[in-house]
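This report introduces a protein structure to a reader who has not met it before. Please keep the sequence and the three-dimensional view at hand while reading.

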Amino acid sequence: MKLSAQHWVRPEISALQAYHVAEASGFIKLDAMENPFPLPPELQAELGQRLARVAINRYPDPAGGNLKVRLKAAFAIPAAADVLLGNGSDEIITLITQLLARPGAKVLALEPSFVMYRMNAVLSGMDYIGVPLNADFSLNLSATLAAIALHQPAVVFIAYPNNPTGNRYPRAAVEAIIAAAPGLVVVDEAYQAFADDSLMDLAGTVENLLLLRTLSKVGLAGIRLGYAAGHPSWMAELDKVRPPYNINVLTQETAHFALDHLGLFDEQANLLRAERQRLAAAVQALPAVTVFASEANFISCRVSGAAAVFDALKARKILIKKLDGAHPLLQDCLRLTVGSPAENSALLAALHDILS
Ligand code: PMP
């Protein structure tokens, strides 16, 4: 007798919602922290030629060795650290939970934060402990240290700066967590290009620290490349979980191309930082809106009737992220990805129209 999928699927997975991605064609797309700038035509042509020469009949370099060497040089990864590449930093989060998923092992993360920390804990059968941030999204260090002491997590995830709130915690607080944690601490610097600090200088020397980065937010979300840097003792174990050939040849070649043109992506990040300040100031000036400080390429804000504001923007073909409903601390919150100057101006005009 055949039994249904429901019968066989693990109940904790049946209970999950698949990661939701909104339909965005025809919209000004300010929902997913993408870089808004397409490649200039001359670089499109150069990339096309380079990709055409790639040996797509061959498997990729199995661990992306040459690319790792270049990433180390480009992003100031200490010589003492080893690097591992992932199909997006998402894949590396999955590898970490797979590595540590012995029965009863725990994942601890701050809340609200990137939903994939919890999702991967559940997928790999680990217990999940969420420690709430304060109401202003600052880190509750004493509660976090108490939870670490009580639960002895195998891994702690800290997004630095945090998604979806945008703020960066004090460096000393994160260092206190790394010092107190009995297991691995993953400092997820997905938004590092827009932030004023990084813990990368500690990678490779602080044994239980793993730095996570991605090229997604700086203009390469489509190629899916993330990287981890950490102490060789942890990285050697993590590499055992990595599927062979996880970074395809087109991604590797495009990453080399991007490293050859890093100046362009740096310029764009600087422009987006300036636009973030413009957007934040203008949104803060709207009636009854509170903007939260951000060191990322998005700003989060609170406005009463956030769900209606979201819908009204959608009706004007502008897609943002509704945070309201995702976590109790996110009541009436919205997240606005910083777009191109023209997109940001269109968003501001629409918000003005809707709120006044
Ligand atoms: N970490 C954080 C904090 C994120 O916000 C995201 C993307 N939203 C990721 C990791 C995953 O990024 P990617 O898989 O594109 O590298």
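## The largest cavity

The largest cavity encloses about 40 Å³ of space. The structure, which is a predicted model, holds one cavity of 30 Å³ or more.

Ten residues are named in the lining: Val-283, Leu-286, Val-289, Cys-301, Val-303, Val-309, Leu-334, Leu-336, Leu-351 and Leu-355. By class, the lining of the largest cavity comprises 10 nonpolar residues, with no polar and no charged ones. Strand S10, strand S13 (333-337) and helix H13 (341-355) each contribute at least two residues to this lining.

## The sheet that contains S10 and S13

Strands S10 and S13 also belong to an open sheet of four strands, arranged in the order S9-S10-S13-S12 with antiparallel pairing. Strand S9 (289-291) and strand S12 (321-322) form the edges; each has a single partner strand, so one side of each lacks a neighbour in the sheet.

The pairing of S9 with S10 (residues 298-303) is antiparallel and consists of three bridges. Within this pairing, Val-291 has Cys-301 in S10 as its bridge partner. Cys-301 is also one of the residues lining the largest cavity.

## Two buried cysteines

Which cysteine has the sulfur closest to that of Cys-301? It is Cys-333, and the distance of 7.4 Å between the sulfurs is too far for a bond, because a disulfide requires the two sulfur atoms to lie within 2.5 Å. Cys-333 likewise takes part in no disulfide, the nearest cysteine sulfur being that of Cys-301. A search of the whole structure gives zero disulfides.

Cys-301 has a relative accessibility of 3% and therefore counts as buried. Cys-333 is buried as well, with a relative accessible area of 1%.

## Strand S5 and its partners

Strand S5 (residues 155-159) is mostly covered, with five of its five residues buried. In a regular strand, side chains alternate between the two faces of the sheet. In S5, Val-155, Phe-157 and Ala-159 lie on one side, while Val-156 and Ile-158 lie on the other. Both faces are covered, as the residues on each side are all buried.

Strand S5 pairs with two strands described here. With strand S3 (residues 106-111), the pairing is parallel and extends over three bridges; in it, Leu-108 stands opposite Val-156 of S5. With strand S6 (residues 184-188), S5 runs parallel and is joined by five bridges. One bridge of this second pairing links Ala-159 to Asp-188 in S6.

## Gly-219 in a loop

Gly-219 is located in the loop between strand S7 (209-214) and strand S8 (226-230). Is this glycine buried or exposed? With a relative accessibility of 30%, Gly-219 counts as partly exposed, because that class covers values between the limits of 20% for buried and 50% for exposed.

Which residues does Gly-219 contact, apart from its neighbours within four places in sequence? They are Asn-35 and Phe-265. Gly-219 can also be placed relative to Leu-47: the two are 172 residues apart in sequence, and their C-alpha atoms are 14 Å apart in space.

Conventions: Residues numbered from 1 in each chain as written. Predicted model: local features only at pLDDT ≥ 70, side-chain atom pairs only at ≥ 80, totals over all residues. Heavy atoms only, no water. Pairing = 2+ DSSP bridges. Buried < 20%, exposed > 50% of the residue type's maximum accessible area, 1.4 Å probe, protein only. Contact = heavy atoms within 4.5 Å. 1 Å grid on protein atoms, 1.4 Å probe; cavity = no way out; pocket = protein on both sides within 12 Å on 5 of 7 lines; lining within 4 Å. Points joined across faces, edges and corners; volume = space filled by probe spheres on them. Nonpolar A, V, L, I, M, F, W, Y, C, P; charged D, E, K, R; others polar.
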